[in-house]
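Work through the exercises below with the structure open beside you. Try each task before you read its solution.

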Amino acid sequence: MAVTRSERSGLRALRPESFGADPGGERMARIRRSPHFKDGVFQNPGGPARIRPSGSTRDLARTYFDKESRSRRAPKGAIPVHPTTLADISRPPATGLRLTWMGHSGVLAEIDGHRVLFDPVWGERCSPFPFAGPRRLHPVPLPLAALGPVDVVVISHDHYDHLDLPTIKALAGTDTLFAVPLGVGAHLEHWGVSAGRLRELDWHETTKVGGLTLTATPARHFCGRGLRNTQHTLWASWVAEGEEHRVFHSGDTGYFDGFKEIGAGHGPFDATMIQVGAYSDFWPDIHMTPEEGVRAHLDLQGGDAAGVLLPIHWATFNLAPHAWAEPGEWMRDAGEEAGQAVAFPRPGEPFEPAGELPVEPWWRAVSGPVARSWNRPRSAEGVAGTSKGDLDLAGER
């Protein structure tokens, strides 16, 4: 039975605002011209990636609803959030580069006089609905209005834990620019960001914001906010390069050989912000384990243990079967094994990669026991030689 125009309008009216908008017009024409768009969807580097959980639904449900494992996926007490103030982040960093992890994948990067805000999520839930979905495990370190002026907001992709409607609507009333992957601009325009403030990039495209150069680089993930995932918005990692310093933000990604190419073209980096949480054997292609995160960092640095690695995408939301503190514990061991400097700030704690790093395992004070310890490599190959089998990531024991 055909659907009338009025019925289609009614269905659109029922669509939650948080779903955003699908690309159309010239934006969609540009998407179709992208060399990374084929057979009606964006393609992943390194071949197809499984974007749906592998294995049986029963096994996934058993893992998620097991009482003991469920209790380990949240802290046992209040997460220690650094009481960030505007004074902390208003004075210029002494070394020219300062990072402030706001929780999950949100980072304020101050680079050679420019302020870049990656994947800001100030909302209470990463969900299309304010009454359901994963809720924050700790408060935001400071109100968004207290953050001060931001030159550019960089979005890695349009999933709810990276592109947050309340945050974007608050920032829409400022004069900040937005750098987003191809197609994501449709959401932002729908929420009130003017087209003139958008820098919408395909992989390997670059834009300038003052003296800062931003480049969208490949990632191995997927996209989508509505009930029907059309794969018409791109996902990306990002390089931000100032006059003296450069940083890398991974967004969400599985491990792939492309990190070596990104490093060869844009590195080495003073700091990398690497996704190391919400991993599982149920979706191994689209999120990295801590070991893979260290491997990605080393690839980006040309194989050397150089710069500083900031683990992101953990501690703020419960999004995977692993224990809440596991990414922190495993990253400590993986970084130590590789001889790699890793920063472990509390949410909201500013630090300068060239200065004293925060390294205290702050999560231990509020964590239940991590049932599975890190399995160090038995070969002389170091971290790069560790296999997924060694890590034993298939659910909780």
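**Exercise 1. A strand and its partner**

Which residue in β10 is the bridge partner of Thr206?

Solution. Start with the model itself: it is predicted. Next, find strand β9, residues 206-209. Then find strand β10, residues 212-217. The two strands run antiparallel, and four bridges join them. Follow the bridge from Thr206 across to β10, and you reach Thr215.

Now look at the link between the strands. β9 and β10 form a hairpin, with two residues between them. Gly210 sits in the turn and has a positive phi of about 60°.

Last, sort the residues of β9 by face. Thr207 and Val209 make up the covered face. Thr206 and Lys208 make up the uncovered one.

**Exercise 2. The chain as a whole**

Describe the make-up of the chain and say where confidence is low.

Solution. Count the elements: the chain has 11 helices and 15 strands. Then take burial. Of the 397 residues, 57% are buried. Then take contacts. Among those with a separation of 6 or more, 70% are between residues 24 or more positions apart.

Turn to confidence. The average pLDDT of the chain is 88, and 85% of the residues score at least 70. Residues 1-11 have a pLDDT below 50. Beyond near neighbours in sequence, that stretch has two contacts in the model. Residues 377-397 also stay under 50. For them the model has 48 contacts beyond four places in sequence.

**Exercise 3. Arg98 and its surroundings**

Trace what the side chain of Arg98 reaches.

Solution. First place the residue: Arg98 lies in strand β3, which covers residues 97-103. Next, check its exposure. Arg98 has 3% relative accessibility, so it counts as buried.

Now look for a charged partner. Side chains of opposite charge can pair when their charged atoms come close. Arg98 forms a salt bridge with Glu110, and the closest N and O atoms are 2.8 Å apart. Glu110 is in strand β4, residues 106-111, and the two partners are 12 residues apart. Glu110 is buried, as is Arg98.

Finish with the backbone. The side chain of Arg98 reaches the backbone oxygen of Arg91 at 2.5 Å. The backbone oxygen of Ile89 lies 3.5 Å from a polar atom of the Arg98 side chain.

**Exercise 4. Salt bridges beyond Arg98**

How many salt bridges does a search of the whole structure find? Examine some of them in turn.

Solution. The search finds 13. Take the pair Glu241 and Arg246: their side chains meet in a salt bridge at 2.9 Å, N to O. Glu241 has 25% relative accessibility, so it counts as partly exposed. Arg246 is at 23%, so it too counts as partly exposed.

Move on to Arg346 and Glu360. Their side chains meet in a salt bridge at 2.9 Å, N to O. Arg346 lies in the loop between α10 and β15, and Glu360 in the loop between β15 and α11, so the pair ties together parts that are 14 residues apart in sequence. Arg346 has a relative accessible area of 22% and is partly exposed. Glu360 is partly exposed at 47%.

End with a network. Arg27, Glu189 and Glu200 are joined by salt bridges that share partners.

**Exercise 5. A covered helix**

Is helix α9 mostly covered or mostly uncovered?

Solution. Locate α9 at residues 290-300. Check its residues for burial: 11 of its 11 are buried, and the helix is mostly covered. Charged residues are on the list, including Glu291, Glu292, Arg295 and Asp299. Leu298 and Leu300 are buried as well. Then step past the end of the helix. Just after α9, Gly302 takes a positive phi of about 70°.

**Exercise 6. Cysteines**

How many disulfides does a search of the whole structure find?

Solution. Recall the bond first: a disulfide is a covalent bond between the sulfur atoms of two cysteines. The search of the whole structure finds zero. Now check the exposure of two cysteines. Cys126 is at 8% relative accessibility, so it counts as buried. Cys223 has a relative accessible area of 1% and is buried. The cut-off for buried is under 20%.

Notes
Residues numbered from 1 in each chain as written. Predicted model: local features only at pLDDT ≥ 70, side-chain atom pairs only at ≥ 80, totals over all residues. Heavy atoms only, no water. Salt bridge = Lys/Arg side-chain N within 4 Å of Asp/Glu carboxyl O. Buried < 20%, exposed > 50% of the residue type's maximum accessible area, 1.4 Å probe, protein only. Pairing = 2+ DSSP bridges. pLDDT = per-residue confidence, 0-100. Contact = heavy atoms within 4.5 Å. Disulfide = S-S within 2.5 Å. Polar contact = N/O pair within 3.5 Å; in protein donor to acceptor, adjacent residues only side chain to side chain.
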